[in-house]
Amino acid sequence: MASHVGGVQPQAAPGVHHRAAVTGWAVFAAVMLIFAGLLALSQGISAIRHDQVFVVTRHYAFTFNLTGWGWVHAIIGALAVVAGAALFTGAMWARVTGVVLAGLSLIANFLWLPYYPVGAVTLLILDALVIWALCAGMAERPQGQPQAQQGQQGQGPPVTSR
C-alpha cells in the first residue's frame, strides 16, 4: 500500500490497469442517466399507449400531440439508457453523448411540465444532476505528465487545484 496526502491507496496488482475515468462522478452520472432514461421511457410508453393518463391544459403555449411527445420521450429515454451503460466504459464520447442527451431530456421535460408535472420535475432534477456530474467529473491529467509507476512507493495521484 502506498501512502500519500489523501490517505492510503491500495496498489494495483502487476498488469492490472485501473481506468480513472470510471470512478466517482462518472459512475454516479451513469446510474442516474440509466434511471432517468428508464423513467423517460416509461413516460413515453404511457403517452403512446394511453393518452388519457395525462392532463391536457387548454391554454398552454407549447401544445403538442401527446402521442408525438410519447415518442420523443421514449426515444430520448432509450438512448439515455444506452449512453448511461456506455459511461461505465469511461469513453469521452459517452460523456459528451450523456451531456447532450441529458440536455435534450431537460428541454423535453420542461415542455412536458403541464402534462405530467411531478414526473417532469423529477426528471428535470435528475437531468441537471447528470449534466453536473459528467462535467464536474472530467478531471484530466495535464498533457505530457506521465502516470505514476506502480513500483514507486509514496506517490499518489497528481494533485490538481480547482
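Which residues make a nonpolar surface patch of about 470 Å²? The patch is made by W25, V121, I125, L129 and W132. The legends below describe close-up views of a predicted model.

**View 1. Overall layout of the predicted chain.** Four helices and two strands make up the secondary structure of the chain. Their order along the sequence is β-β-α-α-α-α. The chain has 162 residues, and 31% of them count as buried. Among contacts with a separation of 6 or more, 73% are between residues 24 or more positions apart. About 10100 Å² of the chain is exposed, and carbon and sulfur atoms supply 68% of that area.

**View 2. The nonpolar surface patch made by W25, V121, I125, L129 and W132.** Helix α4, which spans residues 117-136, gives the most to this patch, with four residues. L129 is one of the patch residues and is found in helix α4. The relative accessible area of L129 is 31%. L129 can belong to the patch because its 31% is over the 30% that patch residues need. With that value L129 counts as partly exposed.

**View 3. The largest nonpolar core, with 19 residues.** L33, L87 and V130 have the most contacts inside this core. The elements that give two or more residues to the core are α1 (25-49), α2 (66-87), α3 (92-111) and α4. The largest share, six residues, comes from α1. Leaving out residues up to four places away in sequence, L87 touches A29, A30, L33, A94, R95 and L134. A second core, separate from this one, has nine residues, including A47, I76, L111 and W112.

**View 4. A133 in helix α4.** Is A133 buried or exposed? A133 counts as buried because its relative accessibility is 0%, and buried means under 20%. Apart from residues up to four places away in sequence, A133 touches W25, F28 and A29. W25 is also one of the residues of the surface patch, and A29 is also among the residues that L87 touches. A26 lies 107 residues from A133 along the chain, and the C-alpha atoms of A133 and A26 are separated by 6.8 Å.

**View 5. S105 in helix α3 and its side-chain contact with D127.** The side chains of S105 and D127 are joined by a polar contact of 2.7 Å. Where neighbours within four places in sequence are left aside, S105 is in contact with I76 and D127. I76 is also one of the residues of the second core. S105 has a relative accessible area of 7% and is therefore buried, the limit being under 20%.

**View 6. A78 in helix α2.** How many residues apart in sequence are A78 and L39? The two are 39 residues apart in sequence, and their C-alpha atoms are 9.8 Å apart in space. A78 has a relative accessible area of 33% and is partly exposed. A78 is not called buried because 33% is not under 20%, and A78 is not called exposed because that value is not over 50%.

Definitions and conventions. Residues are numbered from 1 along each chain as its sequence is written. This is a predicted model: local features need pLDDT of at least 70, side-chain atom pairs count only at pLDDT 80 or more; totals for chains, interfaces and linings use all residues. Side-chain values use heavy atoms; hydrogens and water are left out. Patches are made of residues with over 30% relative accessible area and no salt bridge: like charges are joined within 9 Å, nonpolar side chains (Val, Leu, Ile, Met, Phe, Trp, Tyr) within 5 Å. Accessible areas come from the Shrake-Rupley method with a 1.4 Å probe; for residues, only the protein chains shown count as cover. A salt bridge is a side-chain nitrogen of Lys or Arg within 4 Å of a carboxyl oxygen of Asp or Glu. Buried means under 20% relative accessible area, exposed over 50%, partly exposed in between (1.4 Å probe, protein chains only). A nonpolar core is a set of buried Ala, Val, Leu, Ile, Met, Phe, Trp, Tyr and Cys residues joined through side-chain atoms within 4.5 Å. Contact means heavy atoms within 4.5 Å. A polar contact is a pair of N or O atoms within 3.5 Å; within protein, one must be able to donate a hydrogen and the other to accept it, and residues adjacent in sequence count only if both atoms are side-chain atoms.
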